[in-house]
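Welcome! Take a moment to look over the sequence and the structure below, and then let us walk through them together.

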Amino acid sequence: MSINEKFTAIRKGLLEFLVLKIIAADKVYAADILSQLGSTEFATQEGTLYPLLSKMRREELVDYQWKESEAGPPRKYYQLTAKGREQLRETSEYWQKISGTVRSLGQDTGQ
Amino acid sequence: MNKVITINLNGNAYQLEEDGYEALRSYLEAAARRLEGNPDRDEIIADIEQAIADKFRAVLGANKTVVVSKEVRDVIAQMGPVQDDSGPGGEAGASKAPGAPGAAKDGPAAAGGSATGSPKRLYRIREGAQLAGVCNGLAVYLGVDVTLLRILFAFSVLSFGAGVLLYIVMMFVIPPANTPDEVAAAHGAPATAEEFIKRAKEGYYAFGDKRAFREWKWKFKQDMRQRRQEMRESAWAWRWGWHPHGAKNPDPHPGFWFVGSSAGIVLSILSILCVISVITLITTGTVFGFYLPWGMPLWAQIVVVILLFKLLKGPVRAMRYGAYYGGCGGSPFVGAFVHFCTQLGWLLLLFLFLWYADHHSSTAHDILGHLRSAAHHTVDAIREWWSQQ
């Protein structure tokens with residue numbers, strides 16, 4: 001089993017967190033999110049992202065507005081709701097804790 | 001010339017080649033199935049259609065108005081399978097492991113594609129093979145130890161000679177596993193009873209009518225029981241001087257007994273001779289000092305030798321059967337003739353098949369060539385082992 005496979009579940013679990021981060025930074029539409037994730041280990045396809053976005057909207061973490069685009073039909077631009085920002089803050093904190101634990105554990109025993 | 005189909009994706013018209021249209025339709029249908037029960041199903045499907053439309057627009061231009069099948073497939077590959085982890089309640093997070101309710105919901109559809117769920121297939125596995133990998137592949141397929149199968153084969157060669165022919169036939173019939181995918185398919189899902197039951201439940205085995213299947217099984221068992229019974233009875237009759245097998249001929253001529261027994265002895269001697277000649281043929285290239293004509297490859301020589309012995313044995317065996325039938329009150333000639341004809345016909349068919357395969361299929365030719373060198377290697381290995389003893 002490769003590292004890549006081992007971390008499938010973890011990557012999947014972190015995806016929502018990352019999407020929250022991306023949307024928090026700027027108003028984006030789905031293709032923007034995909035292209036930002038595309039260059040990372042979290043590269044994702046539409047087939048996964050769209051159901052996730054719709055779930056996040058149902059949980060009222062994100063909201064969208066239709067906006068005209070220069071070329072083609074109008075697009076859904078996503079933004080965070082108050083609840084979404086709260087969730088992002090909590091998740092970030094929790095992530096800090098986890099990564100702190102991951103960093104410190106081995107070193108504690110080493111010293 | 002390809003047929004073009006015009007479709008409406010989220011309000012925009014696109015022209016697709018027919019194959020591409022079929023691929024897209026099945027993709028969207030699978031997506032809709034996956035999203036069964038999702039309150040936002042229609043919206044997600046609309047988003048996905050829109051994304052596909054955007055990608056189609058990117059490949060079309062002023063002079064290109066049709067999306068060809070390959071482009072459709074590429075776009076579908078980019079989109080990726082639709083995965084819905086949320087479920088109807090929307091409570092569960094995205095961290096749910098793959099294969100949880102979402103995947104289980106449409107079990108049969110999901111089972112078709114993935115490597116773990118795919119049905120096991122029989123392949124020859126050349127890696128670690130002694131000859132052509134028939135035993136190797138069979139062992140993996142049946143989930144038994146390969147050495148056991150090899151011993152069984154070796155034993156069948158010694159006792160009947162049919163093992164060699166069976167092996168050769170399987171060599172042609174069973175495809176080799178060349179790509180990693182095929183090797184994976186050869187190992188496939190375990191062929192355990194559990195798996196069998198699971199597949200049977202999924203309707204994997206198309207015995208449409210359960211009652212018909214049960215009836216068939218029952219009848220098969222009955223047949224087998226009856227045949228065993230008959231065999232036991234005839235063996236009994238044979239041993240006790242053909243006391244009435246239907247009481248037709250209570251007092252058989254003693255000549256029948258003599259012919260039957262001596263034919264049996266001759267048959268055993270011929271069988272042993274056959275094995276010895278094949279071994280000498282492989283080791284020295286001659287059969288008791290005789291070269292076989294026509295410059296045939298070694299494999300063909302082996303087949304010819306075995307066939308020759310079969311033919312020699314044919315009449316003797318026919319005599320024995322004749323004696324048996326005669327002893328039991330039937331006509332000795334009918335029994336002998338029928339047996340002889342079946343044997344001959346079967347062997348001729350096999351020989352023709354091998355000959356045809358060698359001349360008309362380059363793969364078969366290569367395999368047979370491979371068998372030859374493999375046989376040499378095996379014999380060398382055995383000799384080396386012998387000299388070390």
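## A buried lysine and its partner

A:Lys76 has a relative accessible area of 8%, so this residue counts as buried. Please keep in mind that everything described here comes from a predicted model. Which residue does A:Lys76 form a salt bridge with? The partner is B:Asp47, and the closest N and O atoms of the two lie 2.8 Å apart. This pair crosses between chains, leading from strand 3 (residues 75–80) of chain A to helix 2 of chain B.

Is B:Asp47 buried or exposed? Its relative accessibility is 12%, which is under the 20% cut-off, and therefore B:Asp47 counts as buried.

## Another link between the chains

A second salt bridge to look for is the one where the side chains of B:Lys55 and A:Glu46 meet, at 3.0 Å from N to O. B:Lys55 belongs to helix 2 (residues 41–59) of chain B and A:Glu46 to helix 4 (residues 46–58) of chain A, so this pair joins two chains. B:Lys55 and A:Glu46 are both buried.

## A pair within one helix, and a network

Why can such pairs arise? Side chains of opposite charge can pair when their charged atoms come close. Chain B offers an example inside a helix: the side chains of B:Glu29 and B:Arg25 meet in a salt bridge, 3.5 Å from N to O. Both residues lie in helix 1 (residues 18–34) of chain B, where they are four residues apart, about one turn of the helix. B:Glu29 has a relative accessibility of 40% and so counts as partly exposed. B:Arg25 is also partly exposed, at 36%.

Salt bridges that share partners also build one network, made of A:Arg57, A:Arg58, A:Lys76, B:Asp40, B:Glu43 and B:Asp47. How many salt bridges are there over all chains? The count comes to 17.

## Chain A as a whole

Now step back to chain A, which holds five helices and three strands. Starting from the N terminus, its elements follow the order α-α-β-α-α-β-β-α. Chain A has 111 residues, and 37% of them count as buried. Among its contacts with a separation of 6 or more, 50% come from residues 24 or more positions apart. The accessible surface of chain A is about 6800 Å², with 53% belonging to carbon and sulfur atoms.

## One side of a helix in chain A

Helix 3 (residues 30–38) of chain A is a good place to zoom in, with A:Ala30, A:Ile33, A:Leu34 and A:Leu37 buried. These residues cover an arc of only 95° around the axis, so they sit on the same side of helix 3 of chain A. What do the buried residues of this helix pack against? They pack against helix 2 (8–25), strand 1 (28–29), helix 4 and strand 3 of chain A.

## Chain B as a whole

Chain B contains 15 helices and three strands. Of its 389 residues, 33% count as buried. For contacts in chain B between residues at least 6 apart in sequence, 58% join residues at least 24 apart. Chain B exposes about 24200 Å², and carbon and sulfur atoms supply 64% of this area.

## The strands of chain B

Strand 1 (residues 4–9) and strand 2 (residues 12–17) of chain B run antiparallel and are joined by six bridges. One place to see this is B:Val4, whose bridge partner in strand 2 is B:Glu17. The two strands form a hairpin with two residues between them, and B:Asn10 in the turn has a positive phi of about 50°.

Strand 2 of chain B has a further pairing, with strand 3 (residues 66–67) of chain B, in the parallel sense and over two bridges. Here B:Leu16 has B:Val67 in strand 3 as its bridge partner.

## A nonpolar patch on the surface

Finally, look at the surface of chain B. B:Ile265, B:Ile269, B:Ile272, B:Leu273 and B:Ile276 form a nonpolar patch there, and together they have about 440 Å² of accessible area. B:Ile265 is found in helix 12 (residues 254–284) of chain B. With a relative accessible area of 53%, B:Ile265 lies over the 50% cut-off, and so B:Ile265 is exposed.

Technical notes:
Residues numbered from 1 in each chain as written. Chains lettered and ligands numbered in written order. Predicted model: local features only at pLDDT ≥ 70, side-chain atom pairs only at ≥ 80, totals over all residues. Heavy atoms only, no water. Pairing = 2+ DSSP bridges. Buried < 20%, exposed > 50% of the residue type's maximum accessible area, 1.4 Å probe, protein only. Contact = heavy atoms within 4.5 Å. Areas by Shrake-Rupley, 256 points an atom, 1.4 Å probe, with all protein chains shown as cover. Salt bridge = Lys/Arg side-chain N within 4 Å of Asp/Glu carboxyl O. Patch = residues over 30% accessible without salt bridge, like charges linked within 9 Å, V, L, I, M, F, W, Y side chains within 5 Å. Arc of directions from axis to C-beta.
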